Structure formats: structure tokens, C-alpha cells
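Let's take a walk through this model together, from the overall build down to single residues. Keep the 3D view open beside the text.

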Amino acid sequence: MGVRIGVVVFPGSNCDRDTVHALGLAGAEPVVLWHEQASLEGVAAVVLPGGFAYGDYVRAGVIARFSPVMRAVAGFATEGGLVLGICNGFQVLAEAGLVPGALLRNASLRFVGREVAIAAERRDTPFTHALDARRPLRMPVAHGEGRFYADDMTLDALERDGQVLFRYVDTWGEPAGPDDPANPNGSLRAIAGVLNAAGNVAGLMPHPERAAESILGSDEGMGIVRSLVESAARAAHGPVVAGSAVAGSAVQ
Amino acid sequence: MMSFRYAVNVAPKPGILDPQGRAVEGSLGHLGISGVHDVRIGRRAELTVDAADEAAARAIVERLASELLSNPLIEVYAVESIGAASSAVSAGVGEG
């Protein structure tokens, strides 16, 4: 059996099955974790999937943040456990303070559901090491509150410290400014995904699990899923953080 | 135990783009209104807190406001006392 990776299900999650499917394609053994459980059942990594946890009431992600499973996820993350938040999962991580920044209402005020292109800023992290080149990845977004925001000082620090993981890019592969149609929500500095300072927790708004097979229009999300699964398999033998994935690759 | 009634007013932090406020500004012309600007859209929660005294009730509502009702990265809040909860309010909630 493959490495066990948890997929958290909140009331209102709706991408959990897609995530389970994509993890399975990458050779993992997905473990569904219910929001009311306080145990992560010994999984080697956790994915918070997309959806509308608790109806997105008050602010997307905030009610989910206080659920029993999120207490366990926060403890797991603090100990260096690998956590990936996708879309609503990213919003939950941001509300919990496990990744920097906040996701605001899209600048257009519209729910945006379409394909975008993102580029990984780093390929030496547990979430991106299996990406084969620094080329744009096509995958869908589907959200109403995805505009990445942090104050200027924080944005500078994130760029300086390598915590910007993905950016929305235009046809030429260049970061798409807040007013560029290639930036679906007006995210500052075109940020589509970020890492925490330790490098073991990541969140992104686009949906790699919905770009898992070419029959679905794109399989370019699988590089991210495979990265996570391979990193989790290594993590099962010890903690993995950004940077060490590269060292790991080098010795293989 | 006493009951205290509060309103928590949450607004986007100054300087943060508020597209809802912008949309309202954009529609002012349709209403024939001019001279209105700097529209900011927030949210208001009204709640009743049961506590031993006002200070204890205030501490609870401050925690709720800062941890759940607002996100300090993007929003500011103000707690407003709207009087001791009247029995009429409690009864209304019960019947709802």
C-alpha cells in the first residue's frame, strides 16, 4: 500500500472525493478524516480540500478553523507535518494562521470558475519538487474569495524568504498583475499559493486535483500531487521541510 | 448571572480595497445621488452574553470579536454595548 495521506472533510467540503482520487492516482492511500475527529490516525500528510466548509459563514474558513480536526492539524503542522490546503483548504489554513496572508473577496465581486496558469516560484519544496520544469501549469480555479492579501511589509518578507510558492502568470509566463485577466481575483503580486516559514505547510487557490487526468482537460496538477505523495513517503521516515526535498532528490 | 447585549461592528481595515464599497459607489449615479464617497461595507453581529458582571461579559465578546468575527489582518472591529438584554429580546429569540 502507498503512503497514508489524510483528506479532511468538513460539512460543505466538495472536492474531497476528487482529492482522494488524485492522491490514489499518485500511489497514495487516502484516509478520509471527519471534521469532528481529534485524531489524524497517524497519516504522513494532510490535505484540506476545496469546498465551502460550514457554508463559508462569517468568513471563508473561519468556522472550520475551530473544529476538533483543525486543532490536530495545527499540532501536526507545528511538529513539521506536511499540510496542503487547496482553495477553501487554503482559506482555512490562512484563517488558522498556519500560512501567511488572507483571502479576500475577488476584486470583480464575481465567483470565478475557469482555467488559469500558475508557475511555481520554487521547485525545492515538498509540494513542488516533482515539477519537471519552470513552465506554467494549467488548472482550474473556482472561488469567490481568493484575492491574496498581505500588507506590503509582509509581501516583501514573503518574497525575500521564498514563501511565495505559486503565481498566476500570463501567456508569456510572466506574473499577472492585479488588473490582468490572467490574475483571476486581483491577488497582490499575482500570488496564487504560499508556504509557511518552516516550509511544511502550503496553500493555493487553484485546484491541482481537478487537473489530474488529461481526459479532464489537464493533468498538469499531478506534479503537485505527486510531489506531496513522494514527500509524505519520505516524511514517514522523518520530518521533511523545504530545501531538504532537494537534498533528498540529489541523493536518489 | 446577568445578561449583556452587545453589537460587534466589523469593517475592512483602512487602505484595504473593498470591492463591495466600490460597487455601491458605482451604483450611486443610478439613484441620482452625488457627493457620497469612501463607502466601506462591513458586518454587524448582535449577541447576548451571560456572565457574572460587565467586565467578564466584555472579555468574552472581545475574544469572540478578535478571534472569530474579525480577522485582524484585514479587518477592524468595535464592540458596542446595546444595553442589558431585555426579556423581550430573549423571548423573541426563544420564539424564533
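**A guided tour of the two chains**

Of the 252 residues in chain A, 59% are buried. Here a residue is buried if 20 or more other C-beta atoms lie within 10 Å of its own, exposed if 12 or fewer, and partly exposed in between, with C-beta atoms placed from the backbone. Please bear in mind that this is a predicted model: local features need pLDDT of at least 70, side-chain atom pairs count only at pLDDT 80 or more, and totals for chains, interfaces and linings use all residues. To find your way, number residues from 1 along each chain as its sequence is written, with chains lettered from A and ligands numbered from 1 in the order in which they are written.

How confident is the predictor? The pLDDT, its confidence in each residue from 0 to 100, averages 92 for chain A, and 94% of the residues score at least 70. Residues 244-252 of chain A are another matter, with pLDDT below 50; this stretch has 10 contacts in the model beyond near neighbours in sequence. A contact means that the C-beta atoms of two residues, placed from the backbone, lie within 7 Å.

Now for the build of chain A. Its secondary structure consists of 7 helices and 11 strands, taken as DSSP runs and numbered from the N terminus (helices are H or I, at least four residues; strands are E, at least two). The radius of gyration of chain A is 16 Å, close to the 18 Å that the globule rule gives for 252 residues, so chain A is as compact as a globular protein of that length. That radius is taken over C-alpha atoms, and the rule is 2.2 Å times the number of residues to the power 0.38. Along the principal axes, the C-alpha atoms of chain A fill a box of roughly 45 × 45 × 40 Å. Among contacts in chain A with a separation of 6 or more, 76% join residues 24 or more positions apart.

Next, look inside. The largest nonpolar core has 86 residues, and Ile5(A) and Ala232(A) touch the most other members. Such a core is a set of buried Ala, Val, Leu, Ile, Met, Phe, Trp, Tyr and Cys residues joined through C-beta atoms within 7 Å. Helix 6 of chain A gives the most to this core, with 7 residues. Leaving aside residues up to four places away in sequence, Ile5(A) touches ten partners by name, including Leu23(A), Val43(A), Val229(A) and Ala232(A).

Helix 6 itself covers residues 222-235 of chain A. In this helix 12 of the 14 residues are buried, so it is largely enclosed by the rest of the structure. Among those buried residues are Arg226(A) and Glu230(A).

Another residue worth a visit is Arg167(A), in strand 9 (residues 164-168) of chain A. Arg167(A) is buried, with 23 other C-beta atoms within 10 Å. Its contacts, not counting residues up to four places away in sequence, include Ile118(A), Glu121(A) and Pro175(A).

Finally, meet chain B, which has 3 helices and 3 strands. From the N terminus on, these elements run β-α-β-α-β-α. Of the 96 residues of chain B, 14% count as buried. Where the chains meet, the contact takes 10 residues from chain A and 10 residues from chain B.

Technical notes. The expected span of a helix is 1.5 Å times one less than its number of residues. pLDDT is the predictor's confidence in each residue, from 0 to 100.
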